[in-house]
Amino acid sequence: MSRTPVQTLVATALLVAGLTACGQPLASETSLAQRKIKVTTTVGMITDIVRNVGGERVEVTGLMGPGVDPHLYKPSAGDVNRLEEADIIFYVGLELEGRMTDLFEKMARAGKPTFGVSDDIDRARLLPSKDHADQYDPHIWFDVLLWQEAVRKVGQELAALDPGSQGTYEHNTQMYLEQLRALDEYVREQIALVPEPSRVLITAHDAFNYFGRAYGFEVRGLQGISTAAEAGAADVQALARLIAERQIKAIFVESSVPRESIEAVQAATRARGWEVVVGGELFSDAMGADGAPEGTYIGMVRHNVDTIVRALR
Ligand SMILES: [Zn+2]
């Protein structure tokens, strides 16, 4: 349905009224309003939030592509430039991007809008790190409803920086939160297909504890919360014993962790007389390729759940 000239006039008048009601924008806000907001992010899951929430208003650069491990990631000189050129920076926080934490703190001190998407989450909703007593597990994206808090944070901070488009950010945030609610339901429906005793998820590193808590899975990772700590032969044997004793059908490799470690567990389990299969590749700390279904957060979660359910049901 097309608008009449009068309707267009009314709509324009309302838009102008809405803008001036917010108060006189600052000079820097005026110039920001006239171009796209430059956003630099770390992991793909945040890049995807910014694309969804920022839409046409943003130009987003994600530093960590498919297969990249954020725990070990060292920023290049080019990355530092991309952070300096950004109008706003988003990262996960909770020490996920271990080697970049100092850089983010430096940026924030210099006055650059720099935010961990986990900053505002009530600490009571977080899981403690198994590696460090005083830290939290940073893999919050695998509890889809918890990840909604990251979406809200991005929406709020973009609106604070670019208040002229606040309505757009709020609308886009609500639309994306709605998609995540549907995703959460999908995960619950699929998991229900796996018999309860089989709900054990064994992967290369401990990225799935939030998934386990949210969806009722027992989770064991060969390495710890961070891939920085290497698994030893004793860890491999301990996991192999558990798999053989419980007769677990499948274990999983991760796209951002070398597969050798999980294959060592498979070999050690075989030596104990139980044949466990590698049930497929999960996306843990990095998404799939751009343009592939797994290249979005929603596609990544669906891929993981479909892979887990197919192997364990
Ligand atoms: Zn991780």
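Of the contacts in the chain with a separation of 6 or more, 67% are between residues 24 or more positions apart. That figure comes from a predicted model, and burial can be read from the same kind of count: of the 313 residues in the chain, 40% are buried. Along its principal axes, the C-alpha trace covers about 75 × 45 × 35 Å.

As for secondary structure, the chain holds 11 helices and eight strands. One piece of it can be followed step by step. Strand 7 takes up residues 250–254 and strand 8 residues 277–282; the two run parallel, with four bridges joining them. To get from strand 7 to strand 8, the chain passes through helix 10, residues 260–271, and the resulting β-α-β crossover is right-handed. For anyone tracing the pairing on screen, a handy place to look is Ala250, whose bridge partner in strand 8 is Val277.

How far can the coordinates be trusted? Mean pLDDT for the chain is 91, and 90% of the residues reach 70 or more. The N-terminal end is another story. Over residues 1–6, pLDDT stays under 50, and the model gives this stretch one contact beyond four places in sequence. Residues 8–25 also stay under 50 in pLDDT, and here the model has seven contacts beyond four places in sequence. Where pLDDT is low, predicted coordinates shouldn't be read in detail. The one contact of residues 1–6 and the seven of residues 8–25 are therefore best left uninterpreted, because low pLDDT argues against a detailed reading.

Technical notes: Residues are numbered from 1 along each chain as its sequence is written. This is a predicted model: local features need pLDDT of at least 70, side-chain atom pairs count only at pLDDT 80 or more; totals for chains, interfaces and linings use all residues. pLDDT is the predictor's confidence in each residue, from 0 to 100. Two residues are in contact if their C-beta atoms, placed from the backbone, lie within 7 Å. Two strands pair if DSSP finds at least two bridges between them. A crossover is right-handed if, with the strands pointing away from the viewer, the path from the first strand over the helix to the second runs clockwise. A residue is buried if 20 or more other C-beta atoms lie within 10 Å of its own, exposed if 12 or fewer, and partly exposed in between; C-beta atoms are placed from the backbone.
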